[in-house]
Structures are given as C-alpha cells and as structure tokens.
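Colleague: Got a minute to go through a two-chain interface with me? I'd like to see how the sides meet.

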Number of protein chains: 2
Amino acid sequence: MNALEWTGSKVRFIDQTRLPGEEIFVETDDYRVLCEAIRTLRIRGAPAIGVAAAFGAVLAVRGKQFGTAEEMKRVLDAAAAELASTRPTAVNLFRALARMQAAARPETIQDPEILLVRLQDEAMAILNEDVDACRRIGEFGAGLLSSGVTVLTHCNAGGLATAGSGTALSVITTAARQGKINRVYVDETRPLLQGARLTAWELMKEGIRVVLITDNVAGTVLRQGKVQAVIVGADRIASNGDTANKIGSYPLAVLASRHHVPFYVAAPTSTIDPATSDGEHIPIEERNGIEVTTFGGTRVAPEGVEVYAPAFDVTPSTLITAIITERGVIEAPYAPTLESLACTPAGGAST
Amino acid sequence: MNALEWTGSKVRFIDQTRLPGEEIFVETDDYRVLCEAIRTLRIRGAPAIGVAAAFGAVLAVRGKQFGTAEEMKRVLDAAAAELASTRPTAVNLFRALARMQAAARPETIQDPEILLVRLQDEAMAILNEDVDACRRIGEFGAGLLSSGVTVLTHCNAGGLATAGSGTALSVITTAARQGKINRVYVDETRPLLQGARLTAWELMKEGIRVVLITDNVAGTVLRQGKVQAVIVGADRIASNGDTANKIGSYPLAVLASRHHVPFYVAAPTSTIDPATSDGEHIPIEERNGIEVTTFGGTRVAPEGVEVYAPAFDVTPSTLITAIITERGVIEAPYAPTLESLACTPAGGAST
C-alpha cells in the first residue's frame, strides 16, 4: 500500500484522519484539495507533505493552457505560496516547493508543455528520492540496533508519513526483518493519536509486536529498563542538530537521557534546514484547541477553557544520540556534517 | 458542592465519570454500590476513596439486626475485605478500613447498636479530618508560593478527590484567594482525562485562569520558563518519600528538575505508608486497555492491539522538593519525619 502516489495525472492518497477505522483513498487533480488535506492532516508527516506539495505544484499548472512559460511560472509561484502556507514547521514542504520553483525556469525552457514535463519529472524525483531515502534510513538505522531490542517510538514516522517505508518505522521494520526486534512500545501521541491510530496499525500489518501506551507511560517503561532505544522522526532539523518533532518528543528525549537509553532521530536530509541556526528559530505551529477539548464529537473539557496546543517541540541536539539519514548516521558534533549534507538551501518561512 | 458526603443514613457522591458534561449525584445505602463506584472511578482520588470506604464499612452493617457485636464485626470484616479489593495503590483506602476495623472492638463494646454508633463516629472523624487536612494543606502550601506564580498540575487532586477542598488544588485555590496565582496549566491526564474533565472544571468554577494542555506539552511550558511550581497529589507515599501518583507524574518531576522548577507533592498524612519502605514496593494498579483504545465509544486504536496501562507511577523522593501535609511542609531527608508523622500503621495489601 502506498500512502501517497502519482497516478500519472492525479495524486492518490489515503485519508489518515479516518484510520484505523476506515481505509479511504482520495484521488485529486486539484492542488487546493491537497492544501486542505495537508492543513487538516489527511496528509501528514514531513516527507509526505514535501512530496504532496511537489505534486500540488504540478497540478496547479497541469491541464491548463498557457501562452508562455512565464505565464505558467506565475501561476506556479502563486500556488507554491498557497501550498507553503498550509503548515509552518516541516521544512520538507518549503524545500520541495523551492525545488519545484527552481526547476521551472522560463529563461531556459520556453515551451509551456516542456516546462510541465520538467515539473512532473522534478516532483517524481522528489518522490523517488524519498522512497530511496526511507529504504536507506532503514538500513543505516537497523545497523545501530542489536538483536532482541525493544524500541519505543512516538507519533507516526512510518509509510504514512512518507512516500516510502517511513523514517523511524523504516528502521524498525528493517530491523524486524533482520529478526532484531522484540517489541515496540508505541506512544499514542496526544492530541491526534497518530501513534495509536497510525503507527500501531502499520506495525501490526508488518506482524511486529506492538504495545500501545499513553504518552504518560513512556517514563515508566524507560525507568523499568524495558526499552533499549527510542527512535522518532523529525519535522525540521536546525543546522546545529536541534530537532523539531511531534509534541512530546522533547520529554521523551529527557527521559531517555536520564535512563541512558539512546535517542535516535531518523529523517531524510530534506528535513535539514541549514538556514535555521538552532531550535529557538524553528517556527512551531499551534493547532486549534478543539483538537484537545473534543474527541470524536464528544466534548472532554469544560466549555470556554483556554488551550495551548503547540504541534511540535524542540529536542536540543545534546539529547540526540545520533541522526539517521539516507546518507549515513550522524553523531555530535552535528553542525559540520549537517551543513555539508544539506546541499540545497530550504525556502523556509521566506518562501 | 461536596463531592462526597454522609446524609446521616446514606453516602451521597457526584459521579465523576460524567463530569464535566453532567453533574449527576448518586445516593446509596449499599456498600456494594460504593465498591463498584470506586472500581469504576465514579469516586476517585486517594483521600475520597478512604472516606468512601469508611462509610462503606458503616453501610455494610447499618440497618441490619445482629445478635452480638461479634456477629456485626464478622460482617464488617467481610465487607472491609471487599472494599479493600477495589483498588490496590491508594493507601488511604487500607488505612481508613484499618481504622474502622480497629474501632469495632466487640471485646470492649458488646451492644451492636452502640458499636454502630462508634463506627459512624469513626467514619465521620475520617471525613472531618480529611476536610480539615485539605484546609491546612492549602494554607501550608500557599505559603510556599510567591506572588504572581504560574503553576502546573496533573490529574485531579481537588475537591473531587477528597471530602474537602482537595490537596494540590487546595494549595492553588488558597493561593489564588491570596491573589498569588497568575494562571494554572492543567495537564489533561491521559487516559481518563481527569485534568481536562475535573481539574479544569473545578478551577474555572473558582474563577482561576486555566490553560489546558496535553500531557505532552508540559515539557515545553517548563522549558519556556512559564511555570514556577508543579504541584500534584499522591496515592501513596513510602516511608522514604518515594511517591506513587497518577501516571505521568514521574516524567513531570524529571522535567521540573531539569528546569529547576520546584515539584511539590500535596497529601494528607493518611497517604503516608510507613509499612512500605520505598517506591519499588508500592503496588501499582494496571487498568484495562480499553480505557486507552476507545474514547466515548469510538475505537482509536486497531482491534487486538496489546496495551500496557499502569494507573500510577512512582516519583523518587530525590525529585520531590517538598511534601505538603496538614501537619506541615516536609523536606528531605524525608524518612525521619514521615515515620514520625505516620502514627497509625496502614493495613496495606495485607488488609
């Protein structure tokens, strides 16, 4: 099952808000449907958002008549701005759009039809690179795990979050195929329960033993010595290694450190943002409080209560044992290696 | 509003599982209804469980004819065993039952009617002591807070968890009346959301500014320097100061320590268990996984997923800045003071 793919004329994706109850696929040739899908987390996960945005840029200009390449580029740029405004934290979104905009160069390609082919090729390259990165992250990461380990993961950094086999979950499924994984503790990941809904579902499909816990239980299993590695994904990695990931990752890193359990971040190099010097400068999205105060239409908190709902937190690089990328495993000091790996500068908030 | 009271012939309590949506009061003269209410968390909170169990013991023998005091005592002992089996962690339950059983001494009181009066007096004493303890905990605790503080609390250690004004929340409401509280961050407290459902509701009724957060956000607000004190309740305090409290308290204590924010435990001395040497020996209840995998009838995790759902965790005394009791504020070294305060030995699991 591919969570996100290109049919040749449309983007086909699974609606992640309906899982695990229903497996609903959506096909669209309208980039605005993709904007809405990213905003409402029907499509989520930093790498998947990047791939979706790339094809969103294609869809914005596909099937339309343009007199000139410049005209097409103007429409592309406007759509890119719209796509960039959907979510602020995952840098893959801005990097993918920057690549699409760089690929569309009317000064070298003057025929709109050829320019469209160029854009489709670039989006497909972003998708294929992601698939390949997931596979390689899995291999590099599995190499870090010894036989019989129990690992803990947070949120969903799986096939659903990428165009491929995932980041943190690619490490786990690759290690599982090597017979190394005893079991996986899965944080449910409030408020949107991506762990309970998505990660548990993905790992169970792979036949891996899952133990679901509330986020509050992670401290207990770490303290009990039940976990030998924590592996999470990333939404943006600053050039010093500070990493924004799903809210709750930072407390997990603090607890892992306290209990001398390695804390690994698994992410493609497209998640590295050399333009952001450290975690303090990563923009953190705040979600609507209704995601906390209601559940499945049931209100769980008093009417009118104030809510603070950041979607991400920042784990300082000092708490990260290693960053697993498709180009190898990086350890501290992070800055020199991250800067050399992040060859393409990201658009960031200025896109 | 009293969450739990004695009408003279019945126990009247608010069904906490229905809050904040509905304020349903239940009146019962059947101790088995109280057993069920404790088991299903309609009545919850360590001190409230103790008071409910004491009146449960009264109801077990009230309105029945006994030939001898010994006969009444046998019925009382059987009911006490049933009441003791409802939940394993909160020591107040075992202490209250031990007090009731010690008060019923057929060798000194031979008339069953007089023995019943003695039992009612003892239960009422347990209730009144709890009310008084809550008030005094509030006063001692408020003395620790400076003006303009923002505090963070977890789960519900409020009026709903006691027969009085609460433990941690008594500190907060007392300090608020002194004009000291800026705002209160309330952890929603998965899986049963006692923070979102109960604490937010109690504090908003008091006109205190509440900011509701998922448990995952506590690390962020502590790191941002927004919180000057963390205050929680307790279900059992071992004689070395290690404290069992709602799952998620331990991670919170680790984070508070990392960010140099004091972590206070507020609890009556009835929560101290001198028979338990340290946290390792506190029995931790495991709840049914269905409390994690479903919400309001909606399934949020795949069918058949394994769940690990301990209801409590243990915070080592080294992470506790002070324990606020009705007899004063205790700081490390805890053992000598806790041992002298816990004058009545608890029944513990052997009851």
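Here is a short chat about the contact between the chains of this predicted model.

Colleague: How many residues of chain A are in contact with chain B, and how much area is buried between them?

Modeller: On the residue side, 53 of chain A touch 53 of chain B. Carbon and sulfur atoms give 62% of the buried area. The total buried between chain A and chain B is about 4,300 Å².

Colleague: Which residues in chain A lose the most area to chain B?

Modeller: Three of them together make up 17% of what that side buries. They are A:Asn216, A:Glu306 and A:Tyr308.

Colleague: What about charges: which side chain of chain A does B:Arg190 meet in a salt bridge?

Modeller: Between chain A and chain B there are four salt bridges. With a cut-off of 4 Å for such a pair, the N to O distance of 2.6 Å here qualifies. The partner of B:Arg190 is A:Glu188.

Colleague: And how do the residues on the chain A side divide into nonpolar, polar and charged?

Modeller: The two chains have 20 residue pairs in polar contact, counting pairs with both at pLDDT 80 or more. Elements giving two or more residues to the chain A side include α7 (194–205), α9 (249–258) and β14 (306–307). The split on that side is 30 nonpolar, 12 polar and 11 charged.

Colleague: Where in β6(B) is the bridge partner of A:Val307?

Modeller: β14(A) and β6 of chain B (residues 210–213) run parallel, joined by two bridges. In β6(B), A:Val307 is partnered by B:Leu212.

Definitions and conventions:
Residues numbered from 1 in each chain as written. Chains lettered and ligands numbered in written order. Predicted model: local features only at pLDDT ≥ 70, side-chain atom pairs only at ≥ 80, totals over all residues. Heavy atoms only, no water. Contact = heavy atoms within 4.5 Å. Buried area = accessible area lost by both parts, 1.4 Å probe. Polar contact = N/O pair within 3.5 Å; in protein donor to acceptor, adjacent residues only side chain to side chain. Helix = DSSP H or I, 4+ residues; strand = E, 2+ residues; numbered from the N terminus. Nonpolar A, V, L, I, M, F, W, Y, C, P; charged D, E, K, R; others polar. Pairing = 2+ DSSP bridges.
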